[in-house]
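Work through the exercises below with the structure open. Each task is followed by a solution in steps.

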Amino acid sequence: MTKLIDVLELVIFRHRVWVIALFALFTGYLAVQATNLRLDAAFTKNIPLNHTYMKNYMKHQKNFGGANSILVSVCDRDSDIFNETFFNRLKNVHDQLFFIPGVDRSQVKSLYSPSTRFTEVVEEGFSGGPVIPADFSASDPRGLELVSQNISKAGIVGRMVSDDFQCAMVNAQLLELDPQTGEQLDTLAFAQDLEDQLRGKYEDDEISIHIIGFAKMVGDVADGAKDVLLFFAVAIAITAVMVYFFCKSLLLTVLPLACSIIAVVWQMGLVTLLGFGLDPMSILVPFLVFAIGVSHGVQMINSVGKQVVMGQTAKTGAQMAFRTLLIPGGVALLSDTVGFMTLLVIDIGIIRELAITASLGVAVIILTNLVLLPVLMSYVSLGDKYKAKFENKEKRSDHFWESISRCSSPKVAKVILVSVALLFAFGWYQSSQMKIGDLHPGAPALHEDSRYNQDTFLITDKYAISVDYLSVLVETTPSACTSHQIMSDIDEFQWKMENVAGVQSTVSLASVAKLINAGYNEGNPKWRVLPRNQQTMVQAISRVDTSSGLLNGDCSVMPVILFMEDHKAETISRVVDAVKEYRQQYQQEDLQFKLASGPVGVMAATNEAVKAAQDPMMAYVFGAVILLCLLSFRSLRATLSVVVPLYVVSVLAQALMTKLQIGLTVSTLPVIALGVGIGVDYGIYILSTMSQKLKDGVAVRQAYFDALKERGSAVLFTGITLAIGVSTWVFSSLKFQMDMGILLTFMFVVNMLGAIVVLPALASVFWYKQSGDKKVQK
Amino acid sequence: MKKKLIPLFSALIFSSSSISDVRPQEAFQAPLADKSLLLDISQIGQKQQLIAVGERGHILTSADGQSWEQQEVPVNAVLTAVYARDKHIWAAGHDAVILYSGDGGESWQVQNFNPELQKPLLDVLFFDDQHGIAIGAYGLFYRTENGGQSWNKEAHISLLNEMDVEYLESLKEENMAFYESEMEAILPHLNRVSVAGDKLLLAGEAGTLAISEDQGRNWQRMDVDYYGSFFDIQQTTDGRIFAAGLRGNLFEYSDEQWLEIETGISSTLNSIVNIEGKPPLVVANKGYYLWLEDSLRVEQTDDEEALVNAVFFNNKILVVSEAGIQELTK
């Protein structure tokens, strides 16, 4: 190992100019690539495509549309909808939505679509027609009156017209692929179109436009994600100021920051080269890369600075720093990389992307901050003035480190370890209560007062429909809808599901067939049954079109749609469990109740995937960290000293999630892996100095004191810097960024404390023969 | 030879169809039963209790009209009517089911269940503990003389108009089997039967209104200038007789004539209900309800669910509707 480092040192520091030139070249090339980086979001990336539910969902998506729909509610601000302005505006919105690329034109529905019809029972049987007649003119009060009557006859209040008659709905299904070009739908461009062409054009003092649906949500998230640039700038500024106070040299401040930015540029360039875009959900990855870069950069300038103060030239100092930090820094960054890579086990597109982009980013830091940075620093000349600044500081800080080193004295260690054990027990209990999934109504990625969530609340409030629905796909034999037995079975299932707490209402072909049968019998509610007579059944079913989404072409598949009160994880799992329990008892060969489609079906699958991924992910992250520590320290004791505090902190982070009501979701799941990956750095830096001394038989407290002297300030400093940078996310307009910000801040700070307080306490136990209360030698 | 073939053939059809092996299925105890479609409501004798029946074999009882208890019932067919006579209660419905409870609604037995008929029963009425009738679709008419232990089918051609009667008579001579199948097709749905003094009144499909003086053994059609369906005919407490039907059609019988009352609504009128100390009430689809005051008063519920029948209980008007039990307040 030492030989390898020797060779590397020789090669790199003999050809410094070449190294710099090479880096410049790569940076230039990748910067050009990075300019092509696009924001990119796709519905399918957010769902666990290989989950059974999602396979069923994809299988039937063609027939029943998916969960990817868009609802546009057009509302009159002052009066009911029956006025000229409103109807003209509604028509505009309908037509405009029809022409927005990405919309499935056969699935645009509103009062204006010809398929919106009313039927009424008259003495001769049925009579009916389109709700808005062909000769309708919005300026004719009689026409409006007629439409008002037709709406009431058509029974669409609550679905297409709001309960208070102030709004009307236009809804559409989205296509995953553009039928003309065959390209993936550009969700963000689509969302922008909605904003520009619907809200921009048609919202004013009289009419308001409310848009919800996955595409719109992602669009709003992307808009919010643009704030990240601002946070990025703020974080760089804060970091710069802090680094300056740390090193008291402008040049030394600029170098680690520049190298970290270079790492970000490389990462973005490489991601583009690999053909990925930047998903709004993972937009904070570059930020994280920067933060990690700075953290390692500071170790580097700290080390070089110390060498210089001790009288070396900048070049020798840089070379020495390179030598001493390549191994701990490399191991730390490698465990970050591996930690992020473990996220690949989760079969959800955006988490995999996050895993790839983040691990790439961290891996390039090895080059930029462990190679380029020392090379650059070797050119810096640090004068006597610089040395003088640190002369006194060393002495002052020695006193500070001395007091901290007491953590490794057996007495204090006992107190620390007992408190940690208690904390751990408490955290363990709390973390077992951690909830999976979204805990709040509306779109969890956005704040409750965001326009999108306000629109969601308005629509769920004013209409009987809800965007939170789950469809159970009933797979049976062709023409099954004409069988009284099968339809009764579906009806029975539907009724039992309707009785599950959390289900608001339900609809299926069976329930609609009963209504139609009553319709054929003069609208008499006493005839609301599934006819035993097959011809009568056929007569009823034939009035239901496949575009209703209640049956496929040969009615071998009929969804039962369950509208839910909310999409809280416990509601979802209660309903999903009820479906599973029912089918356990009643499912037959030719009557299968398949989960699941609809937005809540997707959530159910995601929740299950996230829940299933949680334990393996933790196992892999810790497995990787343990393995790397064993390899680099060759000591079980050292490894445990690093890993135990890390584990306690990750359990506490979960406890914090319970306390703050942050659910484990696609966006918060990676946080713990990220936190562990980054948190391990502190321990590795401290222990890499300590472990050699411990092997040489130095007392634990002395070894720890020496380590603190060498690395302590850098560890403290990075912990605080990272935490301050990340904590600015609390002001993000995106709820999930806020959640991530809180959790990461917690993990950075507490992991640092773990490395400084708990690690030495553990060491004093593990190396009990070398521990003692003897004072340290400064 | 020909005559024998047809019953044989129809026997074959029925044995091959799945309906013949349908057994009654127990109703599921559901939290939402009192919010489900309920079709009839009645007071149980002196017990000061209410009973309501509806879809999926739901039978609910209540002592206060507020909280409802779902009873265990051996069928899950839609129940359309209930008749209570002290402790004896009969409920009738689809699959020609007739259920009986001898203990005020706590336990139920099947007296009749005949899904092969593919006809629902729509009303049930008893004259005493032993004698009663149940009526339904396509002229379905059952009578019992023994409290429902056995129910016998009757066909009442007198409910048809003259032309149809003549046509049927002509068939009778040629082909008995065809006569019977035609009769089943021609006979109107019988929607409601009610008592007016010692007479019976009957309302049915296609302008059918009839009166009987011998507990429904013979019927006399009453002429009315309307060919749509009637869903109820009742004598009110003050002795007037009303008939209510499709698309807001309301008639009053006076001087041997049916006179139309303009209601101004086009929703089906389902039931006419006597309310103590108030004018009679008509409940209708789309949440409409009409007070038969000197000048008709029309109200509508907020949720516009179809109101099927009602009862006056503890000074409250309780209706059964598409959305379960509701109270009318206006």
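**Exercise 1.** How much area do chain A and chain B bury between them, and what share of it is on carbon and sulfur atoms?

Solution. The model is a predicted one. Step one is the area: chain A and chain B bury about 2800 Å² between them. Step two is the share: 52% of that area is on carbon and sulfur atoms. Step three is the residue count, with 24 residues of chain A in contact with 43 residues of chain B.

**Exercise 2.** Describe the polar side of this interface and the part of chain A that takes part in it.

Solution. Begin with the salt bridges between chain A and chain B, which number 4. In one salt bridge, the side chain of R528(A) meets that of E322(B) at 2.4 Å, N to O. Next come the polar contacts: 10 residue pairs across the interface qualify, both residues being at pLDDT 80 or more. Then look at the elements of chain A: β2 (117-122) and α16 (484-498) each give two or more residues to the side that touches chain B. Of these, α16(A) gives the most, with 5 residues. Finally, sort that side of chain A by class: 12 residues are charged, 6 are polar and 6 are nonpolar.

**Exercise 3.** Is T236(B) buried or exposed?

Solution. First locate the residue: T236(B) lies in the loop that runs between β17 (230-235) and β18 (241-245) of chain B. Its relative accessible area is 5%. The cut-off for buried is under 20%, so T236(B) counts as buried. Last, list its neighbours: leaving out residues up to four places away in sequence, T236(B) touches F242(B), N274(B) and P280(B).

Key: Residues are numbered from 1 along each chain as its sequence is written. Chains are lettered from A and ligands numbered from 1 in the order in which they are written. This is a predicted model: local features need pLDDT of at least 70, side-chain atom pairs count only at pLDDT 80 or more; totals for chains, interfaces and linings use all residues. Side-chain values use heavy atoms; hydrogens and water are left out. Helices (H or I, at least four residues) and strands (E, at least two) are DSSP runs, numbered from the N terminus. Buried means under 20% relative accessible area, exposed over 50%, partly exposed in between (1.4 Å probe, protein chains only). Contact means heavy atoms within 4.5 Å. Buried area is the accessible area (1.4 Å probe) that two parts lose on being put together, summed over both. A polar contact is a pair of N or O atoms within 3.5 Å; within protein, one must be able to donate a hydrogen and the other to accept it, and residues adjacent in sequence count only if both atoms are side-chain atoms. Ala, Val, Leu, Ile, Met, Phe, Trp, Tyr, Cys and Pro count as nonpolar, Asp, Glu, Lys and Arg as charged, and the others, Gly among them, as polar.
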